[in-house]
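This report covers one strand with its neighbours, and then the enclosed cavities. The structure is shown first.

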Amino acid sequence: MSNLYLSIGQLDVPKSQPISCGDGRGGDFQPQDEFSEVFFPTPEHYREFRAGMREQAAASAAPEVPVFTESGSQAAIGAIQALGMNLTKMDCLFYCHETLEQAYMLPSLKIKRQFEMNDCISLMLSQSGSLASLSALRLAESAMRKQPDKLGLLVVADRVEFAELRYQFTGYLRGDSASVMLLSSSAGDYRIVEARKFADGIPLSYPLWKEREYRLAEKLMSDHAQRLLQQAWSIHGRIDYVLCQRLSDAFCRAVEDKCRQTSTVFFVRRQWPDVNLLGNDPYASLRQLEREREIPPGSKLLLLLAGIDFGVGYLVLEK
Amino acid sequence: MGNAVADQALTGPTNKQARFAIADLSHYIPESRFSVRDGAAHLRRQGMTITEAQIEAFQRDYGFMQAPFETELSVEEMIAAACTPLLDRNSLPIQVLMFVNGGNWGLQHNVFKALLHKYEQLRGADIYSIGKQTCASFHMALRMATHLFDASRDEGAILIVAVDKLSVNSHKLTEFYLCGDSASACLLTPYGAGHKTYEVFNQDGYVYDQSNAEGVALFNTTFFLGIRGAIQSILKQAKLSLDDVKLIVGSNVSLKAWETVAYLLRAPLEKFYVKTREVGHLPSSDIQYNLAQAIAEGALKQGDYYITINVGYGGFMGCALHQY
């Protein structure tokens with residue numbers, strides 16, 4: 001992937017707020033509750049999930065995470081508006097999300113209409129955990145490769161609509177964010193050197209998990225992350241920075257341990273270090289790295305993305 | 001269909017360059033059935049007033065009678081039931097698995113783990129979820145496949161997997177259609193035997209949320225015009241006339257709409273192949289199921305050109321030209 005460039009145009013992480021289980025939802029299963037009906041196979045699974053979540057909330061001492069007051073798609077539109085660019089000449093629009101909106105909504109179409117992007121292909125990518133942007137970049141490269149001066153917009157937006165789903169067993173709490181990244185076949189802040197994904201997961205279906213299954217999956221993803229890092233070093237030689245998905249404490253420690261074997265710097269962002277910002281997580285770390293340090297041209301950065309039920313992947317950028 | 005031949009070039013009798021080949025298809029249709037009357041009974045329990053005359057008109061004019069619905073299998077199991085026959089008979093490495101889920105809004109967990117662990121040809125496959133072109137998402141998957149194969153023909157096949165399991169009863173019967181559950185698998189190869197696909201056309205819709213009541217009403221009453229437009233566009237792209245095309249394999253939408261399209265295109269109704277009466281609307285798998293039935297019934301012969309066309313809620317259109 002040698003002729004695609006990426007620039008982070010806008011990245012919005014909202015104000016942090018305390019979260020709790022007190023969202024008005026009763027502990028008992030409500031038969032007409034579409035949320036529980038869709039996400040959990042039986043009322044017992046839903047009750048167990050909420051009980052585990054309450055325990056974790058009690059142990060967490062008022063956790064705070066970034067929370068959008070508006071929907072993910074509206075937050076994305078806000079980020080695009082903040083960019084202040086004329087988007088009518090965009091060739092592609094990729095809208096990536098891990099979380100769902102409660103109401104029926106097609107964000108990519110809404111963005112196309114609102115910003116008069118009449119001639120562009122628009123695609124929404126999900127069902128990949130936090131890894132959807134890697135799929136988008138591969139599709140962008142195949143769609144934009146043939147002509148120079150092609151332009152694309154990569155939008156990654158997540159808002160966790162149900163408070164329960166901010167908890168993921170012993171993983172970091174899930175927070176909201178929205179970003180707009182510009183893709184170009186001719187120039188940008190970073191050249192995309194490689195985007196690679198490895199899909200995997202433990203056999204048991206995610207709605208049936210308990211903490212034991214989470215730990216097994218966490219170990220599996222940690223092993224894959226270490227293996228992929230080794231692969232990246234073999235292919236690319238020097239990697240100057242690794243920016244790791246804040247999936248969980250154990251996962252991040254496994255990646256950091258691997259980085260210690262080389263001269264690669266394992267960068268930890270100061271803001272929201274214990275929050276998983278989902279699809280935007282490593283990009284948020286990149287933004288903070290850019291603000292804290294001078295990144296010399298030619299530097300290689302590896303953004304490691306992970307979804308506990310979906311797999312691990314990485315994006316290698318060259319400044 | 002069966003295993004693809006690796007080295008066969010993709011040109012048809014008129015020397016058109018094909019984009020890829022549809023090498024194999026398989027599907028899973030649940031045995032249980034949900035009828036229009038079952039749907040009406042459910043809606044009456046929700047407080048809606050539906051008369052017998054309305055039910056009869058719905059069945060007579062739109063052609064919907066019944067649709068399959070899944071009572072036993074999970075989504076993962078439905079996918080496995082659809083994919084297993086195809087993966088058992090095709091061992092080509094798969095570079096990308098495209099998941100089409102136009103009708104499922106609640107799925108947010110990995111539904112492919114069992115397949116990934118069982119089939120060696122899927123290890124290393126990239127998994128994309130192509131959604132939100134609503135019921136025209138299958139053709140967006142075909143469009144993305146053209147780009148991926150254009151970029152490289154050496155990285156393996158593409159598997160398009162679709163599943164619908166409408167867990168919420170209110171999604172099954174609406175004013176305009178009866179939806180069913182199903183799963184399907186469609187294998188695309190850059191080379192080889194099978195149906196050659198020459199052109200793909202996609203059109204974005206204009207309704208992106210339910211608050212646009214005017215847009216929804218406009219779509220529901222005029223989508224047949226969009227179907228006509230899409231067919232005319234694909235023929236123009238391919239430089240063919242409708243007479244060159246043996247069959248139009250379409251979405252299982254209202255039969256009345258297809259009659260109108262046939263009238264507008266001045267084409268015989270027999271040119272349109274749908275299964276609205278038999279299975280209702282399968283949001284993500286209409287084309288894959290209908291095409292398999294067309295082949296099984298001998299409606300297509302070697303060398304025939306045919307068009308596939310999906311109409312998606314909100315004005316999305318997807319259309320492609322193929323040759324058997």
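## Strand β10 and its partners

In this predicted model, A:Val242 has A:Phe266 of β11(A) as its bridge partner. The two strands, β10(A) and β11 (residues 265-267) of chain A, run parallel and are joined by 3 bridges. Together with helix α7 (residues 249-259) of chain A, β10(A) and β11(A) form a right-handed β-α-β unit.

β10(A) also pairs with strand β13 (residues 300-307) of chain A, again parallel, through 4 bridges. Here A:Leu243 is matched with A:Leu303 of β13(A). Along β10 (residues 241-244) of chain A, A:Tyr241 and A:Leu243 point one way, while A:Val242 and A:Cys244 point the other way; all are buried.

## The largest cavity

There are 4 cavities of 30 Å³ or more. The largest has a volume of about 90 Å³. Its lining includes A:Phe198, A:Phe310 and A:Lys197 from chain A, and B:Asn110, B:Phe112 and B:Ile127 from chain B.

Strand β9 (residues 190-199) of chain A gives the largest share of this lining, 3 residues. By type, the lining of the largest cavity holds 6 nonpolar, 3 polar and 1 charged residues.

## The second largest cavity

The second largest cavity has a volume of about 40 Å³. Among the residues that line it are A:Cys96, A:His97, A:Glu98, A:Asp158 and A:Gly279. Two or more lining residues come from each of α5 (132-144) and β6 (151-158) of chain A. The lining of the second largest cavity divides into 4 nonpolar, 5 polar and 2 charged residues.

Key: Residues numbered from 1 in each chain as written. Chains lettered and ligands numbered in written order. Predicted model: local features only at pLDDT ≥ 70, side-chain atom pairs only at ≥ 80, totals over all residues. Heavy atoms only, no water. 1 Å grid on protein atoms, 1.4 Å probe; cavity = no way out; pocket = protein on both sides within 12 Å on 5 of 7 lines; lining within 4 Å. Points joined across faces, edges and corners; volume = space filled by probe spheres on them. Nonpolar A, V, L, I, M, F, W, Y, C, P; charged D, E, K, R; others polar. Buried < 20%, exposed > 50% of the residue type's maximum accessible area, 1.4 Å probe, protein only. Pairing = 2+ DSSP bridges. Right-handed = clockwise from strand over helix to strand, strands pointing away.
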